[in-house]
Amino acid sequence: MYTSKLQRAARILKQGGIVAYATEYCFGLGCDPFNRNAVLRLLRLKRRPVKKGLIILATDTAQLAPFLTDILPQVAASWPGPYTWLLISQPGVPGWITGRHEKIAARVTAHAQAAALCHAAGMAIVSTSANRAGESPVRTDREVARRFGKLVDYILPGHVGKALAPTPIRDAETGKLTRTG
């Protein structure tokens, strides 16, 4: 069902590694959200402060259950798709995921390969752009290799989607846009 490269990427995620993979707009860096060492390593790699929080990417809403208390109807209606929502997090979601926030950013992706990666790994994964703070997002696997080399455990070859900008992030309760696309 899955290619050997997709299976390898999923195995690396489950073993605590960092994988670069294509998303709707750019390449992302991902890892197991509950693996503290993997998340902190990813944050160091990006030079991103923990307090900012991270996006969780899933293949379906069931994979988000460990993270979210509820998925509002307008959110469910927008997924799968290039929409990231801020939702109330479950008690006990690690601070290395939520950062200084009470809510968690989550998306059920419509990008076929990213969705297949989450499915193959059997979990939602961290999804943050494959770039260091202040740099432009990476849009090809070759550029990921050039910028990060062996600092990531695996680069899943693939192609980004047709989105012209990062997914917008909107608060599900207030409707407030916190990141424009």
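A salt bridge is taken here as a side-chain nitrogen of Lys or Arg within 4 Å of a carboxyl oxygen of Asp or Glu. In this predicted model, E135, E143, R146 and R147 are linked in a network of such contacts. One of the contacts in question joins the side chains of E143 and R147, with a nitrogen-to-oxygen distance of 2.9 Å. Both E143 and R147 belong to helix α6, where a separation of 4 residues places them about one turn of the helix apart. By the same criterion, the count for the model comes to 7 salt bridges.

Other salt bridges join parts of the chain that are distant in sequence. The side chains of D153 and R41 meet at 2.8 Å, N to O. Since D153 lies in the loop between α6 (141–148) and β7 (154–155), whereas R41 is in helix α2 (residues 36–46), the pair ties together parts that are 112 residues apart in sequence. D153 is partly exposed, with a relative accessible area of 34%, and R41, at 27% relative accessibility, is likewise classed as partly exposed. A further salt bridge is formed by E173 and K103, whose closest N and O atoms are 2.7 Å apart. This pair also links distant parts of the chain, with E173 in the loop between β8 (169–171) and β9 (177–179) and K103 in strand β5 (residues 103–108), 70 residues apart. K103 has a relative accessible area of 17%, and it is therefore counted as buried, because the threshold for that class is under 20%.

The nonpolar interior was examined next. The largest nonpolar core comprises 38 residues, and among these L29, L64 and I97 touch the most other members. Two or more residues of this core are contributed by each of β1 (19–22), β2 (27–30), α2, β3 (55–58), β4 (84–88), α4 (95–98), β5 and α6. Helix α2 provides the largest share, with 6 residues. Apart from this core there is a second, separate one of 18 residues, which includes A9, I12, A120 and I125.

Several of the elements named above recur in the description of the pocket. The volume of the largest pocket is about 690 Å³, and its lining is made up of 35 residues, of which R48, I55, T128, I169 and R179 lie nearest the centre. The elements that give two or more residues to this lining are β2, α4, β5, β6 (125–129) and β9. Strand β5 gives the most, with 4 residues. In terms of chemical character, the residues of the lining divide into 14 nonpolar, 12 polar and 9 charged.

Aromatic contacts were assessed by the separation of ring centres, and the count comes to 1 aromatic pair. This pair is formed by F34 and F67, whose rings are stacked, with a centre-to-centre distance of 4.9 Å and an angle of 15° between the planes. The two residues are 33 residues apart and link distant parts of the chain, F34 being placed in the loop between β2 and α2 and F67 in the loop between β3 and α3 (73–78). Their accessibilities fall into separate classes: F34 is partly exposed, with a relative accessible area of 43%, whereas F67, at 3% relative accessibility, counts as buried.

Some backbone features complete the description. A cis peptide bond joins W79 and P80, with omega at about -10°, and P80 is located in the loop between α3 and β4. R47 is not a glycine, yet it has a positive phi of about 60°. This residue lies in the loop between α2 and β3, and at 57% relative accessibility R47 counts as exposed. In strand β4, L86 is buried, with 18% relative accessibility. The C-alpha atoms of L86 and A105 are separated by 4.5 Å, although the two residues are 19 residues apart along the chain.

Technical notes. Residues are numbered from 1 along each chain as its sequence is written. This is a predicted model: local features need pLDDT of at least 70, side-chain atom pairs count only at pLDDT 80 or more; totals for chains, interfaces and linings use all residues. Side-chain values use heavy atoms; hydrogens and water are left out. Buried means under 20% relative accessible area, exposed over 50%, partly exposed in between (1.4 Å probe, protein chains only). A nonpolar core is a set of buried Ala, Val, Leu, Ile, Met, Phe, Trp, Tyr and Cys residues joined through side-chain atoms within 4.5 Å. On a 1 Å grid over the protein atoms alone, a cavity is a set of points where a 1.4 Å probe fits but cannot get out, and a pocket is an open set with protein on both sides within 12 Å along at least five of seven lines; lining residues have an atom within 4 Å of a point. Grid points are joined across faces, edges and corners, and a volume is the space filled by probe spheres set on the points. Ala, Val, Leu, Ile, Met, Phe, Trp, Tyr, Cys and Pro count as nonpolar, Asp, Glu, Lys and Arg as charged, and the others, Gly among them, as polar. Rings of Phe, Tyr and Trp (its six-membered ring) pair if their centres lie within 6.5 Å; planes under 30 degrees apart count as stacked, over 60 as edge-to-face and the rest as tilted.
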